[in-house]
Amino acid sequence: MSSTVISDIATLVTNDPSLGDSSPLGLVRDAAVVIEGDRVVWTGESSKAPATDNRVDAEGRAVLPGFVDSHSHLVFAGDRTEEFNARMSGRAYSAGGIRTTVAATRAAGDGELEANLTRFLGEALRQGTTTFETKSGYGLTVEDEARALRLAARHTDEVTYLGAHVVAPEYAEDPAGYVALVTGEMLDACAPHARWIDVFCEKGAFDGDQARAILTAGKAKGLHPRVHANQLSHGPGVRLAVELDAASADHCTHLTDADVDALANSRTVATLLPGAEFSTRAEWPDARRLIDAGATVALSTDCNPGSSFTSSVPFCVALAVRDMGMTPDEAVWSATAGGAAALRRTDIGRLTPGAYADLTLLDAPSHVHLAYRPGVPLVAGVWRRGVREV
């Protein structure tokens, strides 16, 4: 098994305070990192790096863990350009637009869906994302939900069953019947292909009782909960997520003090998705409030064709710093270690011995440049599981 050292790193983000300075980022200056196979085996000062088979000179640039995008919707067809254009001209976003994508996705073949998926994954990889979660939710039939998950599972282990995205159009007058489908035949077909189960707990989608029934059924099939919670209005989503020990409550835009306290005193990660607020001109989540309360925060793209059509974690980092009250250090931690926590993973989102060798090399001396130079393509190299792919 060959070994490689990346040396002459100006600033190395390890996300382990014991390996660097005392900050959560565990920064090491004038650093090196050693890869053997698909794992990190050593980090520290460049002058102390052990001998290796290969060497890469970082030339005084920054290295950080690959981004962990813990919330995306990448199995779909079509786009919603006209909806976006109209919304930017004054129409408010509502959950109903999802049905437009459902129609296009149902009509698409497997080849088209997988080609779209791989295109978006390529975009994300070029921008430093090395781990991603993605969901079904644009089929809303047993067959279409199952095939979405099968396609996604070819590309990631972090696959989420989201049959409960909205009520399928065929069940518009019988939402209870759709919940029965989601928790019955559809769940049976989808559970073998997924790790997670999710529900859009929101007005226009599923209420608290429906969401509890869906998530509980998923847990009984071995799927762990995630929740689209409190995006468009105050509601029961966050506290339901905490009650069921969901890995994450995602969006978290409209929170009461009780919601914040519940998150701060739980293992449930508050995953914030600023691309959605950017693309819908909605109220920004208050990351500062959550962090100051002690909640764990993740940042993710929510890449989807309706409300957040971006695959760029760096863009979301810049938004979080500019408009959500996060410092650059907090935003980078949330987009790496925070995303890993939202997936209940300890082998990604950090550059520590034993973790996967998922690294992003920036064409900048510091991770702060991700917020300092928004919109600039700063990613100069990406290693995923020890292999340089960018």
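In this predicted model, the buried residues of helix α5 pack against α4, β8 (159-164), α6 (185-190) and α7 (208-220). Helix α5 itself spans residues 175-183, and its buried residues are G177, Y178, V179, L181 and V182.

The packing of α5 on α7 can be described in further detail. The two helices pack at an angle of about 15°, with their axes 9 Å apart. Because angles under 35 degrees count as roughly parallel, α5 is described as roughly parallel to α7. The crossing of α5 past α7 is right-handed, and the contact is made by P175, V179, V182 and T183 on the α5 side and by Q210, A213, I214 and A217 on the α7 side.

Y178 of α5 also belongs to the largest nonpolar core, which has 87 residues, and Y178 is listed with Y161, F206, L290 and L299 as the residues that have the most contacts inside this core. Helix α4 (residues 142-153) gives the most to the core, with 6 residues. Leaving aside neighbours within four places in sequence, F206 is in contact with a set of residues that includes Y178 and V179, and also I214. Among the other contacts of F206 are A164, H165, V166 and V167, as well as V199, F200 and C201.

Another helix with a buried side is α9 (residues 257-264), where D259, V260, A262, L263 and A264 are buried. The elements that cover these residues include α8 (237-243), β12 (248-251), β13 (269-272) and α11 (287-293).

The buried residues of the two helices are set out below.

| Helix | Residues | Buried residues |
|---|---|---|
| α5 | 175-183 | G177, Y178, V179, L181, V182 |
| α9 | 257-264 | D259, V260, A262, L263, A264 |

Turning to the strands, 7 of them form an open sheet of mixed pairing, in the order β3-β2-β1-β4-β15-β16-β17. Strands β3 and β17 (387-388) stand at the edges and each has a single partner strand, so one side of each is left without a neighbour in the sheet. Strand β3 (residues 39-45) pairs with β2 (residues 28-36) in the antiparallel sense over 6 bridges. These two strands form a hairpin with 2 residues between them, and G37 in the turn has a positive phi of about 65°. Within this pairing, V33 stands opposite T43 in β3, while I35 stands opposite V40 in β3. Both V33 and V40 are included, together with A357 and L361, in a second, separate core of 15 residues.

Terms used:
Residues numbered from 1 in each chain as written. Predicted model: local features only at pLDDT ≥ 70, side-chain atom pairs only at ≥ 80, totals over all residues. Heavy atoms only, no water. Pairing = 2+ DSSP bridges. Helix = DSSP H or I, 4+ residues; strand = E, 2+ residues; numbered from the N terminus. Buried < 20%, exposed > 50% of the residue type's maximum accessible area, 1.4 Å probe, protein only. Contact = heavy atoms within 4.5 Å. Core = buried A, V, L, I, M, F, W, Y, C linked by side-chain atoms within 4.5 Å. Axes fitted to C-alpha atoms, helices over the stretch in contact; angles between N-to-C directions. Parallel < 35°, antiparallel > 145°, perpendicular 65-115°, else oblique. Left-handed = near helix turned anticlockwise from the far one by under 90°.
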